[in-house]
Amino acid sequence: MRTIYAFLLGIIMVFAIGCEKEKKVSNQLETNIEELLSKMTLEEKIGQLNLRGTSSRAKTLSEELKQKVREGKVGALLNVMNKEYVDELQRIAVEESPNKIPLIFSRDVIHGFKTIFPIPLGMAASWDEEVVKNSSRVAAIEASSYGIRWTFAPMLDIAKDARWGRIAESPGEDPYLASQLARAYVEGFQGDSLSDPTSLIACAKHFIGYGAAIGGRDYNTAIISKEQLHNTYLPPFESAFKAGAQTVMTSFNEVNGIPASGDKELLTNILRKQLKFDGFVVSDWNSVTEMIAHGYAEDEKQAAEKAINAGLNMEMTSKSYEDNAKELLKENKLSMNQIDNMVRDILRVKFRMGLFKTPYRNKNKDVEIYSSKHLELAKEAAIKSSVLLKNKNNVLPLNKKAKVLIVGPLANKPREQLGTWTFDGDKKYTITPVASFEKNNANFEFIEGLTYSRDTNKKYFKEVLSKASKADIVLFIGGEEAILSGEAHSRANINLPGAQEKLIGELAKIKKPVGVTIMAGRPITLQNIKNKVDAILMTWHPGTMGGDAIYDILFGVKEPKGRLPVTWPKVAGQLPLYYNHKNTGRPASPKEYVHIDSIPIGAWQSSLGNTSHYLDAGYEPEYPFGFGLGYTSFEYSNFKLSTTSLTEDNTIIASIDITNIGERTGEELVQLYIQDVAGNITRPVKELIGYKRISLKSKEKQKVTFEITVDDLKYYNNQLKYGVEKGKFNIWIGANSASKVKEEFVYE
Ligand code: BGC
């Protein structure tokens, strides 16, 4: 007994010493901040609030910028991509500026710096935190060698509308999955210590509701109820802050009438008080002065006043703080205490980053850009994010001897397969599918057919078809060029652009198997081609190593491991579309569905079918959230709950047996969903609360278990009360969100 006490006492003491140390560090930090702040002039304080940009292609370093840094009028810089300029500007800041406060250099390092990983929506399709963490670590190592210590990532906007161009950068539609990935991104970017020279401070963006742009049109208004805000849009941010994200970026859009950059409730009450964020807030590009166009500020001065009063620390690119803060102070529209607090937040992060001790970029370490390790991780990520949507008669994997005709505008486009936000990726390192087939001596011929994804010229069709008739299988590799998704690149139609569908249709007539690989920044509607082809593989924009990943998948060296992080629509008219929707009072059902063509001519006005569906497109997606095939099949059996009654004090163990009934070893992503049957407010028809990846040999069986606690059931109601009510719950385990393997339990 005594030894147990001694042991426990030991643990308590170690813990107490740890806490004491932490306290000391944070006291010291605050003392340093106060000391510095007391020496700063008002101009310098306002200077810290400015994020200034240069062009990444700048050929000279402007004297004006140098002078601003010398006078301490800049807090951070954006897009300085010449290493010598970075060194010189930092030297001026720490040697010549009044209080020698170092600068932070920033950049959009979104899915890789030089070594490009799949676009974030693709990374989300991996459902793999380790892969995501590795990708952001690689990006941080490469980017920090250029002096960049702050990335404007991860983008955590929940996105339910594939028309929105920035869905490419998002973690998809699900708050649970997005929250797991948010943590992984932050851990990868920031590394083990913020003061490590390879650490990039993360920026959770865009706060908030940018993905809820009405109609999927970029920058558009968002209307989000309190309940949705707290249950759907905030959780990924909360997760990023818990993981230690040091900065957050406000979004361009307004939410419920207030542009995010001027929203005090959002930036002070929710962000600081509720989510306990203790880093600094940066605006998006000119988003402070864009509040004038929004109709929320009359001029730049008022825009600055509203943003500062809302709690926005640092202004990106526009100059309303620089030009107006002093006058606003004079007019008592702002207080000195407010300015000091804003500066404190920024200095705190600079101290944490170790910039006062090590301001310069990581020059000594041999950072291998495009190292074989980085390329290998990028290839693994591309394999894990590729989603096999269709594989009729197991046409994939291909036989190595098969004579393949590769066709399509993206089969050999090194720049396009990198996707959006890839300023720094050098296309000469890209492995395209054609390059990989060549390298592997595959038995293939290649003809593009269409020279870019929007190409409508059919002049090569005849030649393509003649070659196709001599092949054993045709592989069409198309989709969207990189520029068709990302910021400001929303589309109203989201099918394959140009004459791609026509070419696929012609190829299908030759009666040879046709496989389609899609590289795109969003789900693509497939109604015009789906039934004509044998296989469909979605690789998103797969990055530098996309070609090798695709080769390995097509020939079965690896199986595709991705699962959809978004519900895949049949037609754009179904958007926004998401699995975790509400049921309505008239849920759609197969029994009551009336198709447009079965309505009698001259039919009398009636609410035909009486359920929530489209006459022409029905109510089901093309593919459900969580869907993806591998090269083997799994059988789910024996679903059991350890108890059907959950309380505050117990947990439920949900278990299921999974058997690989195919011929190959394969991986399955086992997903767990619940439904709160009736609540104080209505609840979604299903919500993801867990997932596990398992690997099974042919005929192997494994029991998979999940532990469910009361915390998994909690949500915010419209009074923002967080909790769970007593009552019935449904629970499903399955390979995707459409699983019918269901049980029930009661929370009492
Ligand atoms: C984007 C941000 C980005 C910023 C800086 C803006 O246009 O919305 O996501 O970080 O530019 O490049």
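**How the ligand and the sheet are described**

Visitor: What makes the R166 side chain a polar contact of the ligand?

Guide: An N or O atom in the side chain of R166 is 2.7 Å from an oxygen atom of the ligand. A polar contact is a pair of N or O atoms within 3.5 Å, so this pair counts as one. This is a predicted model, where local features need pLDDT of at least 70, side-chain atom pairs count only at pLDDT 80 or more, and totals for chains, interfaces and linings use all residues. Side-chain values use heavy atoms, without hydrogens and water, and residues are numbered from 1 along each chain as its sequence is written.

Visitor: Which value makes K205 a polar contact too?

Guide: A polar side-chain atom of K205 lies 2.8 Å from an oxygen atom of the ligand. For H206, the distance from a side-chain N or O atom to a ligand oxygen is 2.7 Å. The protein covers 93% of the 310 Å² of accessible area that the ligand has on its own (Shrake-Rupley method, 1.4 Å probe).

Visitor: Why are β1 and β2 called paired strands?

Guide: Strands are DSSP runs of E with at least two residues, numbered from the N terminus, and two of them pair if DSSP finds at least two bridges between them. Strand β1 (residues 50–53) and strand β2 (residues 76–78) have three bridges, in the parallel sense, so they pair. G53 stands opposite L78 in β2.

Visitor: What makes β4 and β10 edge strands?

Guide: The open sheet has the order β4-β3-β2-β1-β10, with parallel pairing. β4 (150–151) and β10 (315–316) each have a single partner strand, so one side of each is left without a neighbour in the sheet.

Key:
Helices (H or I, at least four residues) and strands (E, at least two) are DSSP runs, numbered from the N terminus. A polar contact is a pair of N or O atoms within 3.5 Å; within protein, one must be able to donate a hydrogen and the other to accept it, and residues adjacent in sequence count only if both atoms are side-chain atoms.
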